[in-house]
Structure formats: C-alpha cells, structure tokens
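Student: I should like to examine how the descriptive terms applied to a protein model are justified.
Tutor: Let us take the terms one at a time, setting each value against its criterion.

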Amino acid sequence: MEVDFNRRTIYAWLIVILQVTDDYKALNAPLQSISLDCKDLKIDSVWEIHDYPIDVVDHLCSSLPLDQQRRVTKEQFHKLYRLPEDAKLKTTLTYDVSEWSLNIEPSILNGYDRHGCQSRCICIKYQTDPTGGSLTWAQDQNQNPCVFTQGASFNNRSLLPCQDHPTIIATWQASIKLRPGYSAIMSSNNVWSEQAGDYEIFHHAMLLPVPCSVIALAIGSFACSQVMFVDRSSTSDHDQTLDTSYQQKDKIACKVYSAPILIDISCKKLLHWTTKYLTTAQIMLRGYPFDKLDIVVLPKCFGCLGLASPCLILVSQSLLSGEECLSYRLSHEICHFWFGILIGPVDWTEEWFSEGFATYLEDRVHCKSCSMSEEDTLNYIDIRCNLRYRSLKSEIENTQTSYQELRLLSTMISLLLAKSTAYTGARIITKSESLELNILRPKTTLITDKPITASDPSGSKIKNALEPVKSFLQVHYLKGYFLLYYLAKLVGYNRFDDYLRSFVNQYCYHHIHCKDVFNHYFDFFPELSDQSKEIRATVEKWLDDPGLPEEINICTFERLENPLFVRVRNEFKRWITINEQNKRKRNNIYFGKRKRRKTKRDESLAPEDVNKLSAKQVILLLEMLLDVETLTSTTLKKLCQYYHIKNTNAEVRHRWCELVIKHRYSCGYEDVEYLLTEDQGMGVYLYGELILYGKKDLASKIHKSIESEMDRDANIVVTELLS
C-alpha cells in the first residue's frame, strides 16, 4: 500500500491466495467465478500469477490447528511482497465490479498447474476512494494528517476486496509505504520497517487466522510511549512467529500512540491500566495469544469510545479528560480479544454476543484490577447496573422496535451468494450452485432447534445494518449485558466467572451459535436442570422480543444497604432542598430600597462535603436530577461549581449537558458546545435534545463548525435531525 494524504487515497496491490477446500471438491464442478466483497473501490486490473513461490504458499495454506501460529521468515515474507513485480507468468483476468462486489472469472490453468497444486494466486491492483466508508481521513490534535479504519457498518470493504463473513478466517501480511515522519500501526502480531529511498516501508504480519472484518489500521505522525511488558499467562497458546526488536520471551509488549501533544497524558492515563486489565483478563479467561498490544488515541472525530482488533485498540481522546478518566473503557475493549475475536458468532445477527459479554466482563475485570473487596465490587456493580438500566430504558422508549431485538426473530439463515445483498460474505461459487447450497446454517432457531417456516424472508440480511443511527444505539450492549447479569445472579458472580473461563477454554478459536452459550451454561450448572425449561423460555424472549424484559426493573439494582446509593440519595435530597430554597428566593421579589447586609454562608454546601462522590455517583445524581421538573439557574450554577463539572470526565459532562439543555440554562451552553466539539463520539444524542428544547439554531451552529471533520455516520444522523 502507498498512502497519498493529499488525494486521500491508498494505492494498493492485493494478493489473494485461494486454496480449494474439501467442501468445494465435493461439488465436483469447475470454478466459474470468484466473488469478493468490496465497496467504493476503483479496480485497475486483475490477473492470476502462476509462478508464485509455491513453498511459501503451501506453507501458509498448510493445515494447522487454529490455536497455533505459523512461522514465517522475513525472506519468505519478502517473496510475497515483491511478487507483483517479480512474477513472469501472469494471465490477465476478466472481471466486473458491482456496488457491493468484485466478480472475477478465473483463467484455465493451461499447463501452469504444477504437481497438482490447487492453490490459486490472484493479484488485484486498485485504489481506495476518498469518500469510502471504511476509512476516515482527518487531522490529529497537532493538525497533521492521519487516516484510520473506523469500524464501518460494512467493515473493511472500502479498504480492500475481501471475503467478509465472520466464519471466513485467514492469515494476512501487509506492507505500507510512507513518507518520513509517518508510522503505520495495524492489528498485526509482528511489525518491522525498512528504508526504501525517501520512503519508509512498514511490514505487518498476522499469522493467526482472523476474519477480515477485524483488520484495523491507523496511519499518522504518531508519538509513541515507552514499552511496558505484561507477563504472559501460563495458559497461553503463544507461538513466536517473527522476531521484533522489543519482544521478550513470555512477555506482551504494550505501547500507547497518539498525536505528540497528547502523548504524555495518554501514557499517564492509559498505559498503566492497559497492563492491569490485560493481566487480570488473562487470569480470568485465558492467555492472550498475541505478542503485543498497541493503544492508539485517535482525533476527536472518532465516532466511538473504543474499537478492538487483534493486537490493537483504537480509542477516543474522550477517555483522557477528568481526574477519574474513562480509562476503564479499556477493560471493555480488552475483553473483546476473547469475546468477539478469539470467539465469535457464526453470523452478524448475533452482535449481542460479543458486546454483551464484553460489557459484563468490563466491570468484573475493572474491580479485580482495582483489588476491590467482594462488598465493594457488589456496590460498584449495582451503581453500574442502575446507570445502564436508565440508559437502556431511555433508549428503548425512544427507538423503534426493530432496533431493540438482539437478533433476527427465529432464524439462522444467511445467504452465501456474494451478489445477493450488501451483508453476505463472499464465496467461491459455481454457476450450478443453487440457493439451497448457499444456506450457511440449518433453518432452526438459535436455542431450541425448532424448524421455522420459509415465509419469513428476514434471514437473508441483517435488519438495519446500514442505518447510520444504529452505530449510536446501545441496545445490543445493554440487553446483552442484562441477559448475562440475569444468568449470573442465578448462580452468583464468582461461579459465573468460573463458567466464563470454562466457556472460553471450550470454544476459543471457534465460531459459535447462540445456543452454545446457554447449553454450556446448563452443562456447567447441572443443579439448574429443573429450571432449565423456564430459564430457556426467558432467554428466548429476551433475545427475540423488543422492549425491556420483565425481569429487569430498577429495584433490582438499588440495595438499600449499598453505601454508594445511600450517599447519592442523600445528595439528591439535599439538592432538592437547595432548589426549593432557590425557587422561593426567585419568587420573593422586593421592589423597595435594599439594605446592604452581610452574606450568610450556605450551610447546605459545606466545603467538607466536596469531592466525596465518585464520578459514577455524580453521574447517577445527575441522572436522578434529570427527572426533576424544574431546576433553577442558581441551583445549576451551584451544582456545576460544587462538583467542578467542567473538569470532570466526558460521561459526567454529558449528563450535565442534558441538564443544561432541559432547563435552558444559558450559562451552560458553552459546555454543550465544548462537548459536541471535543467529544464527538459521545454527543450525537445532544443534538436531538437541543432541537427538542428549542435550541435548533445552536445545534445548527455547532454542527456547521465541525461538519467537515465529523464521523460519517454521525454527520448523516445530525444532518437528518436538523433538516
């Protein structure tokens, strides 16, 4: 790849090694078409290479257990890297490009089939489009250009032609040619660089098979922190692949990258917690299988708080603000290495699996990393549950029901025809294949194996997959979380931790059905066999139906003896009293001559009470105050000053901005503008609130000032709100 920041384009050669599988051999039909998923790519040429290095290709395609990585030397790597230029025996191929796929007609081998070798080497020359949805071109906090993958709804199809389906996994290698001063960080296990004239070439290799959707990339003028090493768990299946300058035996190298202006604070607030969370997650689940973990802090336009891929986590700058910053979000992303990458669902319809498990484990890993006592852990989880319940309840009340289902109702159907929809994975297909041969999974429900009718066509695609607003909804996170919370409450948190460890060791490096989660649960807890039917029915309803399950209610998360809640409730009552006093003062207007009198100290805001609430408690307090019909401007001013809200983390400031907008507190509008500008991955909801409470002009002004740099989906959603 060669990156041109001026044209916002990547020029690339893609070499695809195809090996015929036993399933394909069983069809006993000639290869008629090769279809790859792509979107907004300009294909310049396609050809087949016949004199490829057969020893390297056979080695890469050799059968190997998924938990073992292949060893590849730098010499072998360079043979593939130079192949487009070194190959002498090439055949130009015919192809056509549709909106969602590249369809190639492979050549007849004409004597090039050496010793019956069935691997095919296809080379594609292409370039990305500046508007392609898989990449975001931006300026970093030092105003230098950068580009990164953003986790688009159609994954990496605007970055490279690929077979984009969660069950299709492959090793990959990449070489990126850059001008001096730039570096390329990828989701690769190994990286090294070399000079090539005026350029530097960064070589990356991922030799553990992964889906193409988890390939991630960040290129820019990044500064780098020092390296911190994490001990590798004894349960790891690690196998060294390529030597790098910083590797140590049985150690995982952790580093933070960011724009130079942020590197000190990024290192201070993220690197320590990265090592703590990674250590804890290995103890709780299983060894981390990669050699390194890089954290990259992206520009403010990044559309979410974090995005995990193998060896790499992309994060928002919003994690850095405040004394109690949002570094705990790293715990969520680190848990995705096991739930989402090493274990994944068999198709895209079960998004709740990876997000639900990562959200549940986020708290457990954080509490253990902080060495909390059992009682403190329960209290902390109660607070988090309460906040999540409020978010889920609000979201469900304000979104259409089709966004509230955790999966497609009663279906496990997924089409394999590359041309059929934007959502299906690419496959090698023949003209003689029928639709029946392209059904990925049996026509059964996910839990009961009960047959379904063919009259429901929804199984052919993922509902709402390309709706921009879906990127900002949390239903899959939160309903999935509460489902696991419900199952954990039945057996106890510690025993559920044991179940999670057992599940990971049973299914690591596999793609699973939803029913595997629950079958393993009942196998692990045989004492629940008498309740199995009832629990399964509850789970089925939880997954398939919109709305809140009746098992979730606010009382579940408010234990009267929880001191964290007691403190928040007392604070809430105090602020209600202050607000009533301020209302009376506002209504008691005196038109006569005023006498100067000594200001009385406000006993209700005694300085010794300051800072006794944690950030999570302040968020819960602000959530409770959002239910109050009227708060005076004086109350809001004191609230902001008392909790130093302008200096708190982005989650606290977001709740504060909701209060500002609801009560039309004009002195706080600058806080709203600041959050929507600097914490763009969190603020889309506030545009709707501004419009609802009569401040559309302010929303338009803010949007206009940052429109050119906004995340693509966020910009679409906000533009529609303002239209």
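Student: What area does the protein expose, and what percentage of it do carbon and sulfur atoms supply?
Tutor: In this predicted model, the protein exposes about 31,500 Å². Carbon and sulfur atoms supply 50% of that area.

Student: What percentage of the residues in the protein is buried?
Tutor: Of the 723 residues, 59% are buried. The term requires a relative accessible area under 20%.

Student: Why is Cys123 called buried?
Tutor: Cys123 has a relative accessible area of 0%. The cut-off for a buried residue is under 20%, so Cys123 counts as buried.

Student: Why is Cys304 called partly exposed?
Tutor: The relative accessibility of Cys304 is 23%. Buried means under 20% and exposed means over 50%; Cys304 therefore falls in between and counts as partly exposed.

Student: How do you know that Cys123 is in no disulfide?
Tutor: A search of the whole structure finds zero disulfides. For Cys123, the nearest cysteine sulfur is that of Cys121, 7.0 Å away. A disulfide needs the two sulfur atoms within 2.5 Å, so the pair does not qualify.

Student: To which class of exposure does His272 belong, and why?
Tutor: His272, which is placed in helix α5 (residues 263–284), has a relative accessibility of 39%. The range between buried and exposed runs from 20% to 50%, and His272 therefore counts as partly exposed.

Student: Why is Asn155 called buried, and where does it lie?
Tutor: Asn155 lies in the loop between β10 and β11 (169–178). Its relative accessibility is 17%; the limit is under 20%, so Asn155 counts as buried.

Student: What makes the phi of Asn155 notable?
Tutor: The phi of Asn155 is near 60 degrees, a positive value in a residue other than glycine. Gln143 likewise is not a glycine and has a positive phi, of about 65 degrees. Gln143 is placed in the loop between β9 (135–139) and β10 (145–149).

Student: What describes the packing of helices α9 and α10?
Tutor: Helix α9 (residues 475–491) and helix α10 (residues 493–507) pack at an angle of about 115 degrees, and their axes are 7 Å apart. The crossing is right-handed.

Student: Which residues meet there, and what are their classes?
Tutor: From α9, Leu484, Tyr485, Leu487, Ala488, Lys489 and Val491 meet Tyr493, Arg495 and Phe496 of α10. By class, this contact has seven nonpolar, no polar and two charged residues.

How values were computed
Residues numbered from 1 in each chain as written. Predicted model: local features only at pLDDT ≥ 70, side-chain atom pairs only at ≥ 80, totals over all residues. Heavy atoms only, no water. Axes fitted to C-alpha atoms, helices over the stretch in contact; angles between N-to-C directions. Helix = DSSP H or I, 4+ residues; strand = E, 2+ residues; numbered from the N terminus. Left-handed = near helix turned anticlockwise from the far one by under 90°. Contact = heavy atoms within 4.5 Å. Nonpolar A, V, L, I, M, F, W, Y, C, P; charged D, E, K, R; others polar. Buried < 20%, exposed > 50% of the residue type's maximum accessible area, 1.4 Å probe, protein only. Areas by Shrake-Rupley, 256 points an atom, 1.4 Å probe, with all protein chains shown as cover.
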